[in-house]
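Student: I should like to take a close look at a single part of this structure, namely its salt bridges and the ligand site to which some of their residues belong. Could you please guide me through it in one connected account?

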Amino acid sequence: MKTALITGITGQDGAYLSEFLLKKGYIVHGLKRRSSLFNTDRIDHLYQDPHESNRNFILHYGDMTDSTNLIRLIQEIQPDEIYNLAAMSHVHVSFETPEYTANADGLGTLRLLEAIRLLGLEKKTRIYQASTSELYGTVQEVPQTEKTPFYPRSPYAVAKMYAFWITVNYREAYGIFASNGILFNHESPLRGETFVTRKITRAAARIALGLQDKLYLGNLDAQRDWGHAKDYVRMMWMILQAEEAEDWVIATGKTTPVRDFVRMAFAEAGLYLRWEGTGVNEVGILDSIDIKKFEQATGLKLTVQGSTFNVQGAESGTHSPLQGGRGGEPRTPNIGTTLVKVDPKYFRPTEVDLLIGDATKAKEKLGWEPKITLEGLVIDMMQSDLKLMKKDQYLREGGYKTLNYFK
Ligand code: NAP
Ligand code: GDD
C-alpha cells in the first residue's frame, strides 16, 4: 500500500487527486493551512474522524512557508509520493502579493525538495511539482511543448519558474525522482470562484435564476486551453508512475477565447448572447431564449404571450433578465438586455494572451489523453452551479438574505 502526501489538498486539484488516490488504495496525507473558518468544503466527503482506527485519509496542519513543519511531516509520513499542489495560484492576485507568492510558490517547492534530501529519502520519495502553462507567458511558439522557451508574465509565473528549475536541478544533482507537470488551465465544478470559468458559470446560473443582473469581466480576448481537472489529476499520478522522472506538457490542444466560454455557459441555460462594441465597450446582450432549454436548466416555467416571456409565479423583487420589472404582472421580455460588461479593474498589468499546449509526449509515452471535452466541461460546471444557485433561490423565497458575488 503506497503513501502519498498532497500539499494543497483543500484546493480544486487536491480534492480530485485525493479521491483518485484513495480509489487506488493509497493512504493519503494532506497538508492544510490553519484558517479561522473551515476551509475543507471540497474534501469534507472524504473526512475521517481522528478517533477511527486504520484511517487512510489524514490531514495535518502546515504551510509551504514553514520549513521545519514540512521537514517534520515528511519525516513522520515517509511518503512514497509527494504531490506539491499548494500555491497562491491566482495570477491577478500575485501582482498584489508578489513576495508572499514567491515564498509559497517558489521557495515552498525548494523546502520540500530539501526536506527529501535532508531526510535521506532521495531513493524512496517521488515528487510531482505543479508547474504551469503560465511559464510560457508571451508565447515563443504555438502550440507550446516541453521545448518551448519560457517568458513568464506575472509574479506567480516567475515564482513557478523558480519552482520548475529547482525541481529539475534536484533531479539532476541528487537523483531525486522529481517531475514537473506543465499543466494548462483545468477547471471543474470545484474551481475557485474567482477564476474566470467558474466566475462565468456561477454568474450565468445566477442570472438565469434571476439572482443577479450582470456579469463584469476583464479581457474577453484572452485564449486558454481549458481541460477538466479530473483528467489532469489522473495524469499527475501517471507522471509519478513513469519509468523516468521528466517534465510533461498536459493540455487538450484546443484553445478558446474567454468570450466563447461565456457564450457556451449562458447557452447551457437557454440564454443566447450576441456581442456588440469593442474593447472596454464590448457588451454581451441577450439575443434569444431557447424556452425548453431554459425551463429544463432552471426548473422555472415560462409563459409566452406573443413575443413576451414571463417567469410563471415569479416572486416580487426578483431580477430575472426575462422580466421587465418587479411584481407578478406580465412583462415585456428583456431580450436586448446587457448581461455581460467589461470592467477594466479585471485587466492585468501584464497579460498572457494565448495558451495552447501540445501534449504529444504525454500521449505517446504515457498513453494519456483527455476524456472530457470543453463542451462536457461547460455542461458539468453549469449543471453544478445551477444546482448550487437554486439553493440561494430557495433561501430568498423563504425570506432569507443571500450574498451578492461581484468578485
Ligand atoms: P487552488 O484551488 O487555488 O488550490 C491551492 C491550494 O494550495 C489550496 O489548498 C490552498 O489552501 C493551498 N495553499 C495556498 N498557499 C498555501 C501555503 N502557503 N501553504 C499551504 N497550502 C497553501 O489551486 P488548483 O487549481 O487546485 O491548482 C493546484 C496547483 O496547480 C497549484 O500549485 C496551481 O498553481 C497549479 N496549477 C493549476 C492549474 C489550473 O488550471 N488549475 C494549471 C497549472 C498549474 P487554502 O484552501 O487554504 O487556500
Ligand atoms: N480571473 C479572471 N477574472 N480572469 C479574467 C476575467 C475575470 O473577471 N476576465 C477575463 N479574464 C481572463 C484573464 O485575464 C486571463 O487571461 C484568463 O481570463 C484566465 O484567467 P484565470 O481564470 O484567472 O486563469 P489564469 O489563466 O490566469 O491562471 C490559471 O491557469 C494557470 C495555468 O495556465 C490559474 O489556475 C493558475 O494557477 C494556472 O497556473
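Tutor:

**Salt bridges and the site of ligand 2**

Glu134, Arg224 and Glu351 are joined to one another in a network of salt bridges. Please keep in mind that the model is a predicted one. In general, side chains of opposite charge can pair when their charged atoms come close. A search of the whole structure finds 22 salt bridges, and a few of them deserve individual attention.

Let us remain with Glu351 for a moment. Glu351 is also one of the residues that come nearest to ligand 2, together with Thr132, Ser133, Tyr156 and Arg348. In total, 24 residues surround this ligand. Sorted by class, the shell holds ten nonpolar, eight polar and six charged residues.

Several side chains place an N or O atom close to an oxygen atom of the ligand. For tyrosine 156, the distance from such a side-chain atom to an oxygen of ligand 2 is 2.5 Å. For threonine 132, the corresponding distance is 2.6 Å. Arginine 191 likewise has a side-chain N or O atom 2.9 Å from an oxygen of ligand 2. As for the surroundings as a whole, ligand 2 on its own has 710 Å² of accessible area, and the protein covers 95% of it.

Arginine 191 leads us back to the salt bridges. Its side chain meets that of glutamate 187 in a salt bridge, with an N to O distance of 2.7 Å. Both glutamate 187 and arginine 191 are buried.

Another pair consists of glutamate 246 and lysine 361, whose closest N and O atoms are 2.9 Å apart in a salt bridge. This pair links distant parts of the chain, 115 residues apart: glutamate 246 lies in the loop between helix H7 (229-241) and strand E11 (247-250), whereas lysine 361 belongs to helix H10 (residues 360-366). Glutamate 246 has a relative accessibility of 16% and therefore counts as buried, because the limit for that class is under 20%.

Finally, consider arginine 274 and aspartate 287, which form a salt bridge with their closest N and O atoms 2.7 Å apart. Arginine 274 is in strand E13 (residues 271-276) and aspartate 287 in strand E14 (residues 283-289), so this pair ties together parts that are 13 residues apart in sequence. Arginine 274 counts as partly exposed, since its relative accessibility is 32%. Aspartate 287, with a relative accessible area of 36%, is partly exposed as well.

Definitions and conventions
Residues are numbered from 1 along each chain as its sequence is written. Chains are lettered from A and ligands numbered from 1 in the order in which they are written. This is a predicted model: local features need pLDDT of at least 70, side-chain atom pairs count only at pLDDT 80 or more; totals for chains, interfaces and linings use all residues. Side-chain values use heavy atoms; hydrogens and water are left out. A salt bridge is a side-chain nitrogen of Lys or Arg within 4 Å of a carboxyl oxygen of Asp or Glu. Buried means under 20% relative accessible area, exposed over 50%, partly exposed in between (1.4 Å probe, protein chains only). Helices (H or I, at least four residues) and strands (E, at least two) are DSSP runs, numbered from the N terminus. A residue is near a molecule or strand if one of its heavy atoms lies within 4 Å of it. A polar contact is a pair of N or O atoms within 3.5 Å; within protein, one must be able to donate a hydrogen and the other to accept it, and residues adjacent in sequence count only if both atoms are side-chain atoms. Accessible areas come from the Shrake-Rupley method with a 1.4 Å probe; for residues, only the protein chains shown count as cover. Ala, Val, Leu, Ile, Met, Phe, Trp, Tyr, Cys and Pro count as nonpolar, Asp, Glu, Lys and Arg as charged, and the others, Gly among them, as polar.
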